Amino acid sequence: MKVRRFQSGDEAALLRVFLTSIRNISACDYTREQIEAWAPEDMDKENWSLRMRALKPFIVEVNNAIVGYADVQTNGYIDHFYVSGHYPRKGVGTLLMRCIHEEATRLELTELTSHVSKTAEPLFVRHGFHVVERGFPVIRGVILENALMRKSLP
């Protein structure tokens, strides 16, 4: 596995990771209606591209294929953290978490926070995060469940 930073042109592959992550991995924790609201077929690709360029995520590749990505912002917020639905439970999430922690050290952050899906919550717990509060965001008129998680850093 190789880690690198986002490059222009990665946007479509990141969208595929996002969609397969939700549709394949999170499908065990969310209903079909929730999955469709969260990862609809008609995602606005231009808005997606703008978002990815702003987030500048870390990217994990295997054999030159993108299999996961995650970001950490300068305030310690992890906005996106996704592993391809075709590559679950192979260490990609752990590798991304290590990159986030290294970046947090570089940025001299005192804490990390994220709104985490039910599916990703166990991974975040394994890496020292705890639930601050449960959330029930409404996306496209559908209620989902997530958790605001936090980790204090030394």
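**Exercise 1. Check whether the length of helix α4 fits its number of residues.**

Solution. Helix α4 covers residues 92-106, which is 15 residues. The expected span of a helix is 1.5 Å times one less than its number of residues. For α4 this gives 21 Å, and the C-alpha atoms at its two ends are 21 Å apart, so the two values agree. The structure used here and below is a predicted model.

**Exercise 2. Which residues of α4 are buried?**

Solution. A residue counts as buried when its relative accessible area is under 20%. In α4 this holds for V92, G93, L95, L96, M97, C99, I100, H101, E103 and A104. To read such a list, recall that an α-helix has 3.6 residues a turn, so residues three or four places apart point the same way. After the helix comes E108, whose phi is positive, near 55°.

**Exercise 3. Describe the fold of the protein chain in outline, then judge how compact it is.**

Solution. Step one is to count the elements: the chain has 5 helices and 9 strands. Step two is to put them in order from the N terminus, which gives β-α-α-α-β-β-β-α-β-α-β-β-β-β. Step three is the comparison with the globule rule: the radius of gyration is 15 Å, close to the 15 Å that the rule gives for 154 residues, so the chain is as compact as a globular protein of that length. Along its principal axes the C-alpha trace spans about 40 × 35 × 30 Å.

Two further values describe the packing. Of the 154 residues, 51% count as buried. Among contacts between residues at least 6 apart in sequence, 64% join residues at least 24 apart.

**Exercise 4. Describe the surface and the charges of the protein chain.**

Solution. The chain exposes about 8,300 Å², and carbon and sulfur atoms supply 50% of that area. There are 20 positive and 19 negative charges, and their mean positions lie 5 Å apart.

**Exercise 5. Is G85 buried or exposed, and which residues does it touch?**

Solution. First locate the residue: G85 is in the loop between β4 (81-83) and α4. Its relative accessibility is 13%, and the cut-off for buried is under 20%, so G85 counts as buried. Leaving out residues up to four places away in sequence, G85 touches T20, S21, N24 and I25. The C-alpha atoms of G85 and L19 are 8.0 Å apart, although 66 residues separate the two in sequence.

**Exercise 6. Place R134 in the structure and list its contacts.**

Solution. R134 belongs to strand β6 (residues 130-135). With a relative accessible area of 41%, R134 is partly exposed. Not counting residues up to four places away in sequence, R134 touches E121, E145, N146 and A147. For one of these, N146, the distance from R134 is 12 residues in sequence and 6.0 Å from C-alpha to C-alpha.

**Exercise 7. Describe the backbone and the exposure of K56 and N63.**

Solution. Begin with the general rule: most residues other than glycine have a negative phi. K56 is not a glycine, yet its phi is positive, about 50°. N63, also a residue other than glycine, has a positive phi near 50°.

Next, find the loops. K56 is in the loop between α3 (45-55) and β2 (58-62), and N63 is in the loop between β2 and β3 (65-70).

Last, consider exposure. K56 has a relative accessible area of 49% and is partly exposed. N63 has 76%, and the cut-off for exposed is over 50%, so N63 is exposed.

Conventions:
Residues are numbered from 1 along each chain as its sequence is written. This is a predicted model: local features need pLDDT of at least 70, side-chain atom pairs count only at pLDDT 80 or more; totals for chains, interfaces and linings use all residues. Side-chain values use heavy atoms; hydrogens and water are left out. Helices (H or I, at least four residues) and strands (E, at least two) are DSSP runs, numbered from the N terminus. Buried means under 20% relative accessible area, exposed over 50%, partly exposed in between (1.4 Å probe, protein chains only). The radius of gyration is taken over C-alpha atoms; the globule rule is 2.2 Å times the number of residues to the power 0.38. Contact means heavy atoms within 4.5 Å. Accessible areas come from the Shrake-Rupley method with a 1.4 Å probe; for residues, only the protein chains shown count as cover. Lys and Arg count as positive and Asp and Glu as negative; His and the chain ends are not counted. The place of a charge is taken as NZ of Lys, CZ of Arg, CG of Asp or CD of Glu.
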